[in-house]
Amino acid sequence: MGKSILEIDDLTKRFGGILAVNDISFNINEGEIVAVIGPNGAGKTTLFNMISNVIMPTQGEVRFKGEKISARKIHTLAKLGMTRTFQNLLIFENMSVLENVMLGTHIKLNTTILTAGFRLPSVKKDEEMSFYMASEALELVGLKSRMYERAETLPYGLQKLLEIARAIVSNPTLVLLDEPMAGLNDSEKNKITQVILNMRKKGYSFLFIEHDMRVVMEMADRIIVMDFGNKIAEGSPEEIQKDPKVIQAYLGEEVF
Ligand SMILES: Nc1ncnc2c1ncn2[C@@H]1O[C@H](COP(=O)(O)OP(=O)(O)OP(=O)(O)O)[C@@H](O)[C@H]1O
Ligand SMILES: [Mg+2]
């Protein structure tokens, strides 16, 4: 396994009286796929929001490639090589599939609205580059043939893939996926699993939140289990499935 790229130290988030995330620490190594699981309300999305700098931690620190990230804006985080998707789809429905993915390339390119207005030669080059990068990403997720369709006409499962294409188009090192499989049928889940496993071969790392245990066990190198804001276990899929604390947290549910 590669070197550590993400370090999370004693991360804590309070919302008033609610301790949503309590003193969580773990690392992610280059090329690794790590899953975060846990019952509803365990604090998984809140953890992601702190890692991706959407909200400030109450306590603790996140370092990405050795840099403390809480001082950074989200788009600069993408420039540094971390992107994410959201639990609720964030698709621009009136734009084409292609345009939605091209949005994710702008962090790499220099075009601003001002230079675009003047149609400078550099803009045309940036547009071409953006188009090229977006088509590559769409090819990877199997959506290239639909790139000129309006995003809203795609079925839900393909919109999830579109979001993943936008997250990977900038060639990030680490991609955070918040419930990539939610609402999908088995064949769509298999498709996304294959896409992610292929991307890992290309060197991408993933941190993903997921409720579907079959998917988690198939994809994850390592699993972090949360319950009521706490990290209650961390280990390989085999270790997690037989961990009494994990079984207790899911008591009454047939998850494994
Ligand atoms: N902005 C907020 N203000 C107040 N409380 C919040 C806020 N965001 C989350 N919470 C609370 O923090 C706790 C953790 O929520 P979070 O969304 O992180 O859980 P989760 O593990 O992602 O759950 P799910 O599996 O349902 O998505 C919950 O009790 C939730 O109600
Ligand atoms: Mg959540």
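Here are some short exercises with worked solutions on the predicted model shown above.

**Exercise 1. The magnesium site**

Find which residues coordinate the magnesium ion (ligand 2), and say where in the chain they lie.

*Solution.* Start at the ion and look for its donors: they are OG1 of Thr-45 and OE1 of Gln-87, at 2.0 to 2.3 Å. Next, place each residue. Thr-45 belongs to helix H1 (residues 44-51), while Gln-87 is in the loop between strand S6 (82-84) and helix H3 (97-102). The two are 42 residues apart, and the pair links distant parts of the chain. Finally, check accessibility: Thr-45 has a relative accessible area of 25% and is partly exposed. Gln-87, at 34%, is also partly exposed.

**Exercise 2. Around helix H1**

Work out how many residues of H1 are buried, then look at what comes just after the helix.

*Solution.* Count along the helix: seven of its eight residues are buried, and H1 is mostly covered. Those seven are Lys-44, Thr-46, Leu-47, Phe-48, Asn-49, Met-50 and Ile-51. Now step past the end of H1, where Asn-53 has a positive phi of about 70°.

**Exercise 3. Unusual phi values**

Locate Asp-10 and Lys-65 in the chain and give the phi of each.

*Solution.* Keep the background in mind: most residues other than glycine have a negative phi. Asp-10, which is not a glycine, has a positive phi of about 50°. Its place is in strand S1 (residues 4-15). Lys-65 likewise has a positive phi, near 50°, but it lies in the loop between strand S4 (59-64) and strand S5 (67-68). For accessibility, Asp-10 is partly exposed at 41%, and Lys-65 is partly exposed at 41%.

**Exercise 4. Ring contacts**

Classify the aromatic pair formed by Tyr-204 and Phe-206, and decide whether each residue is buried or exposed.

*Solution.* The count of aromatic pairs is one. In this pair, the ring centres of Tyr-204 and Phe-206 are 6.5 Å apart, with 20° between the planes. Planes under 30 degrees apart count as stacked, so this pair is stacked. Tyr-204 is buried at 7% relative accessibility, and Phe-206 is buried at 1%. For another ring, turn to Phe-86: the charged end of Arg-84 sits over it, 4.1 Å from the ring centre.

**Exercise 5. Two helices**

Describe how helix H6 (residues 156-168) and helix H7 (residues 186-201) are arranged.

*Solution.* First take the distance and angle: the axes come within 10 Å and cross at roughly 15°. Angles under 35 degrees count as roughly parallel, so H6 is roughly parallel to H7. Last comes the handedness: H6 passes H7 in a right-handed crossing.

Note on methods. Residues are numbered from 1 along each chain as its sequence is written. Chains are lettered from A and ligands numbered from 1 in the order in which they are written. This is a predicted model: local features need pLDDT of at least 70, side-chain atom pairs count only at pLDDT 80 or more; totals for chains, interfaces and linings use all residues. Side-chain values use heavy atoms; hydrogens and water are left out. Rings of Phe, Tyr and Trp (its six-membered ring) pair if their centres lie within 6.5 Å; planes under 30 degrees apart count as stacked, over 60 as edge-to-face and the rest as tilted. Buried means under 20% relative accessible area, exposed over 50%, partly exposed in between (1.4 Å probe, protein chains only). A charge sits over a ring if NZ of Lys or CZ of Arg is within 6 Å of the ring centre and within 35 degrees of the ring normal. Donors are N, O and S atoms within 2.8 Å of the metal (3.2 Å for Na, K and Ca); water is not among the atoms, so sites may look incomplete. Helices (H or I, at least four residues) and strands (E, at least two) are DSSP runs, numbered from the N terminus. Axes are lines fitted to C-alpha atoms, for helices over the stretch in contact, and angles run from 0 to 180 degrees between N-to-C directions. Angles under 35 degrees count as roughly parallel, over 145 as roughly antiparallel, 65 to 115 as roughly perpendicular and the rest as oblique. A crossing is left-handed if the near helix is turned anticlockwise from the far one by less than a right angle, and right-handed if clockwise.
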